[in-house]
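Reader: Could you walk me through this model and tell me how each label is earned? I like to see the reasoning as well as the name.

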Amino acid sequence: MAVRRIVTLNNSALREKAQPVAKVNNAIVRLLDDMVDTMIEAKGVGLAAPQIGIAKRLIVVDAGDNQYLQLVNPCIVERTGSCLDVEGCLSIPGVYGEVDRAEKVVVTALDKDGKEIRLTAEGLLARIFQHEIDHLNGILFIDRATRLLDPEELNDQDREEKE
Ligand code: NI
């Protein structure tokens, strides 16, 4: 396992549409493990492969209690409700904004064994899924933010989770 370099806003990798993974082989599993290491090292709560310059549909998510979800070809199949909250992104250091997201989502994906799974998430976890899956389509939270925080509000965001 290894920590990879996270690319930032000026890197075109963040704007590409990532390609579906045809087969969950050892290389993909290693990549997912590196993504977890990279997310933990960066103190983030989610990471998508384009953020380490790889245009594949892979995301990792911190589900709390030292549980890390590693998903291949994740897809949101249901969205319910809406919720406005502050988001940040490991690829856009120092910027935070309010983004309206579905309150609850159902996500389908393949796990590390290539098995189909279906997850239901709400609140922060649902927000992380939506943020990371946006990354796979070249969409950043600043595209969706209804308002970016002012500099004087930023001090309060030091503890805010970054995705
Ligand atoms: Ni992000």
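Reader: Which residue stands opposite L148 in β8?

Author: Happy to start there, with the reminder that this is a predicted model. The residue opposite L148 is G97. Next to that pair, E98 has R147 of β8 as its bridge partner.

Reader: What makes β5 and β8 a pair of strands?

Author: Two strands pair if at least two bridges are found between them. β5 and β8, the latter being residues 147-148, are joined by two bridges, so the pair meets that cut-off. The two strands run antiparallel. On its other pairing, β5 (residues 96-101) is joined to β4 (residues 83-88) by six bridges, again antiparallel. One bridge there links G88 with Y96 of β5.

Reader: Why are β4 and β8 called edge strands?

Author: The order in this open sheet of three strands is β4-β5-β8. β4 and β8 each have a single partner strand, so each keeps one side without a neighbour in the sheet. Helix α2 packs on this sheet by touching β4 and β5, and its direction makes about 60 degrees with that of β4.

Reader: What is the strand order in the open sheet of five strands?

Author: The order is β1-β2-β3-β6-β7, with antiparallel pairing. At its edges are β1 (46-48) and β7 (116-122), each pairing on one side only. Neighbouring strands are turned by 40 degrees against each other on average, ignoring direction.

Reader: How do you know that β3 and β6 pair?

Author: The cut-off is at least two bridges. Strand β3 (residues 68-80) and strand β6 (residues 104-110) have six, so they count as paired, in the antiparallel sense. One of the bridge pairs is E78 with V106 in β6.

Reader: Which helices lie on the five strands?

Author: Helix α1 packs on the sheet, where it touches β1, β2 (58-62) and β3, and its direction makes about 40 degrees with that of β2. Helix α2 (residues 123-136) lies across β1, β2, β3, β6 and β7, running at about 160 degrees to β2.

Reader: How do you know that the span of α1 agrees with what a helix should give?

Author: At 1.5 Å a residue, its 16 residues should span 22 Å, and the end C-alpha atoms are 22 Å apart, so the two values agree.

Reader: Why is E41 called exposed?

Author: Exposed means a relative accessible area over 50%. E41 has 55%, so it passes that cut-off. This residue belongs to α1, which covers residues 26-41. By contrast, the buried residues of α1 include I28, V29, L31 and L32, and the buried residues of this helix pack against β1, β2 and β3.

Reader: What makes the contact at the start of α1 a polar one?

Author: A polar contact needs a suitable pair of N or O atoms within 3.5 Å. Here a side-chain oxygen of N25 comes to within 3.2 Å of the backbone nitrogen of A27, so the pair falls inside the limit.

Reader: And what follows α1?

Author: K43 follows the helix, and its phi is positive, near 60 degrees.

Reader: How far apart are E41 and Q67 in space?

Author: They are 15 Å apart, C-alpha to C-alpha, while in sequence 26 residues separate them.

Key: Residues are numbered from 1 along each chain as its sequence is written. This is a predicted model: local features need pLDDT of at least 70, side-chain atom pairs count only at pLDDT 80 or more; totals for chains, interfaces and linings use all residues. Side-chain values use heavy atoms; hydrogens and water are left out. Helices (H or I, at least four residues) and strands (E, at least two) are DSSP runs, numbered from the N terminus. Buried means under 20% relative accessible area, exposed over 50%, partly exposed in between (1.4 Å probe, protein chains only). Axes are lines fitted to C-alpha atoms, for helices over the stretch in contact, and angles run from 0 to 180 degrees between N-to-C directions. Contact means heavy atoms within 4.5 Å. The expected span of a helix is 1.5 Å times one less than its number of residues. A polar contact is a pair of N or O atoms within 3.5 Å; within protein, one must be able to donate a hydrogen and the other to accept it, and residues adjacent in sequence count only if both atoms are side-chain atoms.
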